[in-house]
Amino acid sequence: MSKIFGAIKELLITLIIAVLIAMVLKFFIIDSCKILSGSMEPTLVKDDRILVFKLAYVFGEPQRGDIIIFDPPDEVDQGVEYIKRIIGLPGDTIEVSNGMIYINGEPYEEDYIAEEPTYEFGPVTVPEGEYFVLGDNRNRSADAHVWSYPFISLDDIQAKAICQYYPFNEMELLTD
């Protein structure tokens, strides 16, 4: 009888440890997000599921091309996290003109956008500690080109997208 209780005790301890590890991962390290709009098409489409790394920028600086989850500016819906791609880094001058993005006066080649932007924007210089973000679906994305203050701070970045895992047949890494 004591062997049964010992086995049950071991099982309960293992389950408790597993639950605690899962909670730490979920709340502090890795999380899952559902894509709610088409602003990142064709890279990510509505209802795709992705994994994000919450500690990415504890270990390094955001890089151009990173896909991030962040708190949007006050002027937009505060109940929803946004997902966009980092285009401008601190100190960069960004301009959108004639269907092309220019960073520091040089054309920025992008092979992941839905279509060339049909709007004009800038030039603006990204302040220290802030970033300029755009959706991959340039002409159908509520992003920096339409916000009254077109930058987000490092403090607003919650996580870096690392992989799309659903739908399963389209699973892919989202980092270089």
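**Reasoning from values to terms**

Student: Why does Leu-15 count as partly exposed?

Tutor: In this predicted model, the relative accessibility of Leu-15 is 47%. Buried means under 20% and exposed means over 50%, with partly exposed in between. The value for Leu-15 falls in that middle range, so Leu-15 counts as partly exposed.

Student: Where is Leu-15 found, and which surface patch does Leu-15 help to make?

Tutor: Leu-15 is found in helix H1, residues 2-29. Together with Ile-4, Phe-5, Ile-8, Leu-11, Leu-12, Ile-16 and Leu-20, Leu-15 makes a nonpolar surface patch of about 800 Å².

Student: What is the confidence in H1, and where is confidence highest?

Tutor: Within the chain, confidence is lowest in H1, with a mean of 73, and highest in strand S5 (residues 93-97), at 97. For the chain, the mean pLDDT is 88, and 93% of the residues reach 70 or more. Where pLDDT is low, predicted coordinates should not be read in detail.

Student: What makes the pair of Lys-34 and Asp-47 a salt bridge?

Tutor: The N to O separation of their side chains is 3.5 Å. The definition asks for a side-chain nitrogen of Lys or Arg within 4 Å of a carboxyl oxygen of Asp or Glu, so the pair qualifies. Lys-34 lies in strand S1 (residues 30-34) and Asp-47 in the loop between S1 and strand S2 (49-53), so the bridge ties together parts that are 13 residues apart in sequence. The structure holds seven salt bridges.

Student: Are Lys-34 and Asp-47 buried or partly exposed?

Tutor: Lys-34 has a relative accessible area of 39%, and Asp-47 has a relative accessibility of 37%. Partly exposed lies between 20% and 50%, so Lys-34 and Asp-47 are each partly exposed.

Student: How do you know that Asp-136 and Arg-85 form a salt bridge?

Tutor: Their side chains meet at 2.7 Å, N to O, and the cut-off is 4 Å, so this pair also qualifies. Asp-136 is in the loop between strand S9 (130-134) and strand S10 (152-153), and Arg-85 is in strand S4 (residues 82-88), 51 residues apart. Asp-136 and Arg-85 are buried.

Student: Why are Glu-115 and Arg-140 given separate accessibility terms?

Tutor: Glu-115 stands at 32% relative accessibility, within the middle range, so Glu-115 counts as partly exposed. Arg-140 has a relative accessible area of 56%, which is over 50%, so Arg-140 is exposed. Their side chains meet in a salt bridge at 2.7 Å, N to O.

Student: What makes the pair of Phe-70 and Trp-147 edge-to-face?

Tutor: The structure holds eight aromatic pairs. In this one, the ring centres are 6.1 Å apart and the planes stand at 70°. Centres must lie within 6.5 Å, and planes over 60 degrees apart count as edge-to-face, so the term applies. Phe-70 lies in strand S3 (residues 67-70) and Trp-147 in the loop between S9 and S10, so the pair ties together parts that are 77 residues apart in sequence. Phe-70 and Trp-147 are buried.

Student: What are the values for the pair of Tyr-166 and Phe-168?

Tutor: Tyr-166 and Phe-168 form an edge-to-face aromatic pair, at 5.3 Å centre to centre and 90° between the planes. Phe-168 counts as exposed, because its relative accessibility of 57% is over 50%. Tyr-166, at 39%, counts as partly exposed.

Key: Residues are numbered from 1 along each chain as its sequence is written. This is a predicted model: local features need pLDDT of at least 70, side-chain atom pairs count only at pLDDT 80 or more; totals for chains, interfaces and linings use all residues. Side-chain values use heavy atoms; hydrogens and water are left out. Patches are made of residues with over 30% relative accessible area and no salt bridge: like charges are joined within 9 Å, nonpolar side chains (Val, Leu, Ile, Met, Phe, Trp, Tyr) within 5 Å. Accessible areas come from the Shrake-Rupley method with a 1.4 Å probe; for residues, only the protein chains shown count as cover. Helices (H or I, at least four residues) and strands (E, at least two) are DSSP runs, numbered from the N terminus. Buried means under 20% relative accessible area, exposed over 50%, partly exposed in between (1.4 Å probe, protein chains only). pLDDT is the predictor's confidence in each residue, from 0 to 100. Rings of Phe, Tyr and Trp (its six-membered ring) pair if their centres lie within 6.5 Å; planes under 30 degrees apart count as stacked, over 60 as edge-to-face and the rest as tilted.
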